[in-house]
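Reader: Before I rely on the terms used for this model, I should like to see the reasoning behind them. Would you set each value against its definition?

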There are 2 protein chains.
Amino acid sequence: MSGTGSAPRAGILVTGTEVLTGIIFDRNGPWLSERLREVGVDAAMIQIVGDRPADLLATLEFMRDEGMALIITSGGLGPTADDLTAEIVGQFCGREMVLDEPLEERIAEILRPLMTRWPDLDPDSVRESNRKQAVIPEGATVLEPVGTAPGLVVSPRDGEGPTVVVLPGPPRELQPMWETARRTEAFAAAIAGAVPYRREIVRLFGIPESEIANTLRAAEAAGLDLEPLEITTCLRRGEIEVSTQFSPAAQGAYDAFLDFIRERHADTLYSEDGLTVDDQLAELLTGHTLAAAESCTAGLFAARLTDRAGSSAYFLGGGVVYSNEAKVDLAGVDPELIERCGAVSTEVAEALAEGIAERFGAELGVGITGIAGPGGGTPEKPVGLVCFSVWMRADEDPARPGRRLTRRSVLPGGRSDIRDRSVTVAMHMLRRLLLGESDEQPAPAAGATPAS
Amino acid sequence: MSGTGSAPRAGILVTGTEVLTGIIFDRNGPWLSERLREVGVDAAMIQIVGDRPADLLATLEFMRDEGMALIITSGGLGPTADDLTAEIVGQFCGREMVLDEPLEERIAEILRPLMTRWPDLDPDSVRESNRKQAVIPEGATVLEPVGTAPGLVVSPRDGEGPTVVVLPGPPRELQPMWETARRTEAFAAAIAGAVPYRREIVRLFGIPESEIANTLRAAEAAGLDLEPLEITTCLRRGEIEVSTQFSPAAQGAYDAFLDFIRERHADTLYSEDGLTVDDQLAELLTGHTLAAAESCTAGLFAARLTDRAGSSAYFLGGGVVYSNEAKVDLAGVDPELIERCGAVSTEVAEALAEGIAERFGAELGVGITGIAGPGGGTPEKPVGLVCFSVWMRADEDPARPGRRLTRRSVLPGGRSDIRDRSVTVAMHMLRRLLLGESDEQPAPAAGATPAS
């Protein structure tokens, strides 16, 4: 299952002592790796080195010796003296460093609002530290700054060796500048002949990762040709993601593989087009209104749902009901119910879901209550026990109770794993409720309250 | 500012296609980098390569050529055929691969419970695929498995070149096995003479990163000796972190540098001991109670505060008050105030802070309201405008209004940057309120309400 043998190879060079020493996590290497594969380039290595000229240069040379057609660098373009990527790349490509005066002026323009915001800054020193950013290898293609640092595409002066794409470190600058870089002539020349790979992602929720390993074995045993497919499975936030890369010629092999998954995992396969449960929920919630009462997740569910622009159209708000008093006061949970069943119980989860919906006048309510640990567990209610309920008001008949799904799970991992996975579980329950599923519901007897 | 020139150098080699392709994030590289520095070893590079024998071997050779005394590998020790780190390392160190029979038996012992749990597994195939894990380079030091894969410390057969520490990929196996590895004789021999480095971190809030660059230049201009200090600055969530590594001999140089920062940045330096604002708040909030009303951050503040175990002692809960109705209903904001000043206004932020505290019976309240974008901005109230208020009830005299801090900022970046930075701003305001700061407050006139 390799599949990328004939593609041009690229190396990713991430610079910065703060990345090397673990002060900040590198997000650029993996992101660039994915983007390279999309354009048919095999990202063969990611290397992280500190801000040391000799290490930077040696790594560039190593990548050249290993036959990389392309090198992408991230970081080291800032105004301080330890930011020296541009200079080292110039040296590597055999090009002189020259001041690009129009570029210097454009950077000065970008910095002007900063000067207004912090009037105490010394204009000369700002100007000087940013002149450095306009000194570039002669003949390089400039990528206009998204922050203050320009990027570069630098091909070797003598035509031998890899082309280097130089990008800034902050992801929100790097990502749009990558899009610009890959449209340059120098980039296209470096990867001439690359065939863009296809990448398909399917997602499953509710099975262990080992089940997918079994499925792969079973597919081969059933005679499917997986050889031209590069299949990677991973467990993320409690979901299984199966990502497959393949050349256009292997589309048939992929289709057969997808059919095989569909058949074996009909009940847990929820996305065949790469859309996440977040994407699907945003769609499903359109035209509805929702509120959430969260105890152990303490706002994470609301935060994840509203990470998406436009979510205010369906998300009215929620309560972080950490204390029992808050459960009673904000979500209208009966204190006697908490007393009888405990704050972490399916009964209280149901009362939270329904109560918060009532409180906000929302059509849908979500209730989450659990023990995220590390303390607070008991033999009956261990750390990781989380109770969930999602509730939807009945449309027509006010006497009919709403539809709901209620679950109780013991989730693995540490405090933040448990909180994070709880949000995922709640999102899937909400998805299923919106698709029409619900728990069996006895007809309401006189005197019974929906929450009990 | 290199400073670590005389320490033994180490390379970290992270293997695995799923890491290289961005399917999972590498946490081992940064973690190992920090551990190496603690024992006086300079982690000079982290390299991520896929499961390809030629790339693995070339990278080991590159690290040897670059003068690494030590190489730590992570991953590639599993039972499947694409896990080949041990074999490549054996080849690199000039050692034959041999079956360690007692080790094979110990691995079989570990697997027995697994067989019970999944009775469908074929015992022969399990046994066979795990025999592979007991085939090790001759003369290597075995690190007992934490999962099923043993680790290794392998020194070069001819005594020339780096010693290689081979660790499994899963962090919960790698981390304890690192502790075992660093206590082995082979490890000690490889890094003989290393002097553990010191690492100090200071944090500043409220200045741009370029200001710190200026401070470094000014320190050098003032004659401070920064040469023995490895100083790294980074901008994270709107804060500046200055991390410095140095040998014990350079303590004096560090102390002088710290004094220099203290003097220049008295008002923005908030941590000299590496503690984060989260750490400080957890301490400061002890004995108090808090509630939060969040609009644009929609639960992120509550989620961050409760990320810490034990936070339920001071955090009572909060409201995600996305809609205006929720601001009125949950936090008791006067609808007329929203009408007059707009939902994003310092007045509404104040009303939210005070109202949510009242609602929860908390001593402290936090109110956050803003425009996270990308839509919803106007010339007067652009995307990124966020209004904050933190409020503390007056202890003794109920007629006296509480103390508060209220701010209005325009934060840069995209939707998630704005949300994330807003949380940081609110945490700092809360910290300062708890340390005794507050805005000037006019004496309450008859009929004036604190929120207006």
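Author: What follows is a discussion of a predicted model, taken term by term.

Reader: What makes the two copies related as by a two-fold rotation axis?

Author: Chain B is superposed on chain A by a rotation of 179 degrees, with 1.6 Å of shift along its axis and an RMSD of 2.0 Å. The two copies are thus related as by a two-fold rotation axis. The same surface serves both copies, since 84% of the contact residues of chain B recur in chain A.

Reader: How is chain A built, in terms of helices and strands?

Author: Chain A has 16 helices and 17 strands. Its C-alpha atoms fill a box of roughly 85 × 70 × 45 Å along the principal axes. Of the 452 residues in chain A, 56% are buried. Among contacts in chain A between residues at least 6 apart in sequence, 71% join residues at least 24 apart.

Reader: Why is the pair of Tyr254(A) and Phe257(A) called edge-to-face?

Author: A pair of aromatic rings is described by the distance of the centres and the angle of the planes. Ring centres must lie within 6.5 Å for a pair, and planes over 60 degrees apart count as edge-to-face. The rings of Tyr254(A) and Phe257(A) are 6.3 Å apart, centre to centre, with 65 degrees between the planes. Both conditions are met, so the pair is edge-to-face.

Reader: How are Tyr254(A) and Phe257(A) placed relative to each other in helix α10?

Author: They are 3 residues apart in helix α10 (residues 251-264) of chain A, and are therefore separated by about one helical turn. Ring pairs also link Phe246(A), Tyr254(A) and Phe257(A) into a cluster.

Reader: Are Tyr254(A) and Phe257(A) buried or exposed?

Author: Buried means under 20% relative accessible area. Tyr254(A) has 3% and is therefore buried; Phe257(A) has 2% and is therefore buried as well.

Reader: What makes the pair of Trp178(B) and Phe187(B) edge-to-face?

Author: The ring centres of Trp178(B) and Phe187(B) are 5.5 Å apart and the planes stand at 85 degrees, so the pair is edge-to-face. Trp178(B) and Phe187(B) are both buried. Over all chains, the structure holds 9 aromatic pairs.

Reader: Which residues line the largest cavity, and how do they divide into nonpolar, polar and charged?

Author: Rolling a probe the size of a water molecule over the atoms shows where empty space is left. The count comes to 3 cavities of 30 Å³ or more, and the largest has a volume of about 110 Å³. From chain A, its lining includes Val19(A), Ile24(A), Phe25(A), Asp26(A), Pro30(A) and Ile48(A). From chain B, the lining includes Val19(B), Phe25(B), Asp26(B), Pro30(B) and Ile48(B). The lining divides into 9 nonpolar, no polar and 2 charged residues. Asp counts as charged, so Asp26(A) and Asp26(B) belong to the charged class.

Reader: Why does Arg304(B) count as buried?

Author: The relative accessibility of Arg304(B) is 12%, and the cut-off is under 20%, so Arg304(B) counts as buried. Arg304(B) is placed in helix α12 (residues 300-305) of chain B. Beyond four places in sequence, Arg304(B) touches Arg237(B), Val277(B), Asp278(B), Val423(B), Thr424(B) and Met427(B).

Reader: What is said of phi at Ala298(A) and Ala298(B)?

Author: Most residues other than glycine have a negative phi, and most peptide bonds are trans. Ala298(A) is not a glycine, yet has a positive phi of about 45 degrees. Ala298(B) likewise has a positive phi, near 45 degrees. Ala298(A) is in the loop between β13 (290-294) and α12 (300-305) of chain A, and Ala298(B) is in the loop between β13 (290-294) and α12 of chain B. With a relative accessible area of 0%, Ala298(A) is buried; at 0%, Ala298(B) also counts as buried.

Reader: Where do Pro374(A) and Pro374(B) lie, and which peptide bonds lead to them?

Author: The bond from Gly373(A) to Pro374(A) is cis, with omega near 5 degrees. Pro374(A) is in the loop between β15 and β16 (385-392) of chain A. In chain B, the bond from Gly373(B) to Pro374(B) is cis, with omega near 0 degrees, and Pro374(B) lies in the loop between β15 (364-370) and β16 (385-392).

Key:
Residues are numbered from 1 along each chain as its sequence is written. Chains are lettered from A and ligands numbered from 1 in the order in which they are written. This is a predicted model: local features need pLDDT of at least 70, side-chain atom pairs count only at pLDDT 80 or more; totals for chains, interfaces and linings use all residues. Side-chain values use heavy atoms; hydrogens and water are left out. Copies are superposed by least squares on the C-alpha atoms of residues with pLDDT of at least 70 in both. Contact means heavy atoms within 4.5 Å. On a 1 Å grid over the protein atoms alone, a cavity is a set of points where a 1.4 Å probe fits but cannot get out, and a pocket is an open set with protein on both sides within 12 Å along at least five of seven lines; lining residues have an atom within 4 Å of a point. Grid points are joined across faces, edges and corners, and a volume is the space filled by probe spheres set on the points. Rings of Phe, Tyr and Trp (its six-membered ring) pair if their centres lie within 6.5 Å; planes under 30 degrees apart count as stacked, over 60 as edge-to-face and the rest as tilted. Helices (H or I, at least four residues) and strands (E, at least two) are DSSP runs, numbered from the N terminus. Buried means under 20% relative accessible area, exposed over 50%, partly exposed in between (1.4 Å probe, protein chains only).
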